[in-house]
Amino acid sequence: MAERDPEPERAEPRDERWGRLYALVIGALVLEIAGLWVLERVFR
Amino acid sequence: MSALDWAVLVLTLAGIVAFGAWRSRGVHTTEAYLRAGKDIRWWTIGLSVIATQASAITFLSVPGQAYQDGLGFVQFYFGLPIAMVLLSAIILPVYHRLRVYTAYQYLEERFDRRTRQFTALLFLISRGLASGLAIYAPALVLSAVLGWPVLWTNWVLGAVTIVYTVLGGSRAVSRTQTAQMAVIFVGLLIAFGMAVSLLPPGFSFGNGVSLAGALGKLQGVDPSLRLDTRYTLWSGLLGGLFVQLAYFGTDQSQVQRYLAGGPLAESRRGLLMNGLLKVPMQLFILFLGVMVFVVYQLTPPPLFFNRAELERVRASHPAEVASLEARHVHLFAEKRQAIDAWLATPRKAPALREAEARVQALRKETGALVAQSQPGADPKDADFIFLRFVLDHFPRGLIGLLVAVILSAAMSANSAALSSLGATTVVDFYRPRHPDAPDSRTLAVARWSTAAWGLVAVAFASFASLLDNLIQAVNVLGSLFYGPMLGVFLVGFFLARVKGRAAFWATVAGEIAVLAAAAFGSLGFLWYNVLGCAVVVGLAPLLQRVFSRSSPHPTTGELT
């Protein structure tokens, strides 16, 4: 067994693609929080 | 449980284990044993990460928590998507670039070997004890509800998990977890469908949601700044971010899931999948609990959901229990009338809320009687609500499936824990001492240490009943170690000037501070995490200045 993983680094997709995925994850969280806030007020 | 339930339960669990064994055949090297495989795809990583965090107690406790307090617990997970983004963008690329097997290898790269091994030791202690609880907690609930002996449940659950984890390693854990998550998702969807189908004719799903809202069960966001409320929007976003970063960034049971051996992009997508799915999944489980609550507004609920405990109290206090039951029947009828009145004029909910408050007060009174009747008896029955609902209302076959869901969750979380304990033992302790050992020997040590940790967990679970208030005890134990662990990683990532000697002694000081606070202070145990982290992050730069003045030699890369 090697001390480190012998697999060499592979090329990464472009940075802006990750930026869009990060925005999607945070955007979904914001929408969920807003949705919960609205749900509680509608059915209060 | 009926014969059909047993058949469904045994076939489901055997099928999962057989699937894991089939997908992980051919593990003959340490590399293959410690890694899920280079061909692993992001959805397997994502499901594996989710399955590792979701233990059996998640499915037993969370619906019961929603039954009592509504959707508010979801706020605890609001920090998780942010943590996944930070982890993907900052920490994951570092682990990948260093090509480490365990998170603690990074600490030797950044500081020195003793800092690595001290932090790895903190992980082994905390995760080893926690995995004992992960076996014991579901065994305790299943034994109380189904009459299974706790000791046997511990050993069967532990033995099955140990066998497939030892044979197939990390690859078996990941592959089995995808099947376990499939069973869990199907089981939860069926349970939700069953809860909706149990609403009486003429009472729609929309009526159910309105009723839950009128009784305050739909409050999922509390924007207040109150510090005495456990779950608020802000404690979830800030405190939750802290806890989830510590868990996903420094706990090897999670790090091993996403450092699965494939490319960085697959690990990233897997973590982001977790960030995207976790909040909706928890919300769904909580909403299931809310629907169970709605069903029990229209169908009489048990006075106390832990029936075995209530029967014990009845034996010693028959008159008191009979009186509580009679009042319970009366209050339920009163509330049913209030619901009918509310359906006719939905804007007038105060009478309904008053009727519900009287029922809740009676539940508390019952809990108090349970607590005073027997030393050590648990006055809370929230963990029993969902399982009691399943047993009382589900048809044959589906009960077996839902018990399989709970056992699958226990096995998936535990197999990841055992695999990570074995990996840390061999990578961070055995391998540095025996760098020239042949691979076959290192693989054997990895398998034996995984099995040994499994036996430690089952042994701890077997003796756990001797401890009073076990869950509290193990939660406190977990909080004794997480703060300094997160602290030393934060120092590594963000305080570039701090070197090995300062980091090590700051971590030791952080651990001593937490142990001293636990022994002599009155601090709430959740604050131990903050204290330990703050001591390490605050002290490390100061120590670095002291050590830099006292020694002209650089202190990086020192080995002990």
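This report describes a predicted model of two chains, A and B, from its confidence to its local features.

## Basis and confidence

Residues are numbered from 1 along each chain as its sequence is written, and chains are lettered from A and ligands numbered from 1 in the order in which they are written. In this predicted model, local features need pLDDT of at least 70 and side-chain atom pairs count only at pLDDT 80 or more, while totals for chains, interfaces and linings use all residues.

The complex receives from the predictor an ipTM of 0.85 and a pTM of 0.88. Chain B has a mean pLDDT (the predictor's confidence in each residue, from 0 to 100) of 87, with 95% of its residues at 70 or more. Within chain B, confidence is highest in helix α12 (residues 264–298), at a mean of 94, and lowest in helix α19 (residues 470–494), at 80. Residues 554–560 of chain B have pLDDT below 50, yet this stretch has 17 contacts in the model beyond near neighbours in sequence; two residues are in contact if their C-beta atoms, placed from the backbone, lie within 7 Å.

## Overall form of chain B

Chain B contains 21 helices and 0 strands; helices (H or I, at least four residues) and strands (E, at least two) are DSSP runs, numbered from the N terminus. The radius of gyration of chain B is 25 Å, close to the 24 Å that the globule rule gives for 560 residues, so chain B is as compact as a globular protein of that length. The radius is taken over C-alpha atoms, and the rule is 2.2 Å times the number of residues to the power 0.38. The C-alpha trace of chain B spans about 80 × 50 × 45 Å along its principal axes.

Of the 560 residues in chain B, 55% are buried. A residue is buried if 20 or more other C-beta atoms lie within 10 Å of its own, exposed if 12 or fewer, and partly exposed in between, with C-beta atoms placed from the backbone. Among contacts in chain B between residues at least 6 apart in sequence, 84% join residues at least 24 apart.

## Core and helix α20

The largest nonpolar core (buried Ala, Val, Leu, Ile, Met, Phe, Trp, Tyr and Cys residues joined through C-beta atoms within 7 Å) has 183 residues. V292(B), I406(B) and A410(B) have the most contacts inside it. Beyond four places in sequence, I406(B) is in contact with A56(B), F59(B), L60(B) and P138(B).

Helix α20 of chain B (residues 500–520) has 21 residues, and its end C-alpha atoms are 30 Å apart, in agreement with the 30 Å expected at 1.5 Å a residue; the expected span is 1.5 Å times one less than the number of residues. Its buried residues include G500(B), F504(B), T507(B), E511(B) and V514(B).

## Two loop residues

A54(B) lies in the loop between α3 (42–53) and α4 (56–69) of chain B. This residue counts as buried because it has 23 C-beta neighbours inside 10 Å. Beyond four places in sequence, A54(B) is in contact with A409(B) and A413(B).

R99(B) is in the loop between α5 (79–98) and α6 (103–110) of chain B. Although not a glycine, R99(B) has a positive phi of about 55 degrees. With 16 C-beta neighbours inside 10 Å, R99(B) counts as partly exposed.

## Chain A and the interface

Chain A has 1 helix and 0 strands, and 16% of its 44 residues are buried. Contacts between the chains involve 24 residues of chain A and 34 residues of chain B. The side of chain A that touches chain B has 14 nonpolar, no polar and 10 charged residues. Here Ala, Val, Leu, Ile, Met, Phe, Trp, Tyr, Cys and Pro count as nonpolar, Asp, Glu, Lys and Arg as charged, and the others, Gly among them, as polar.
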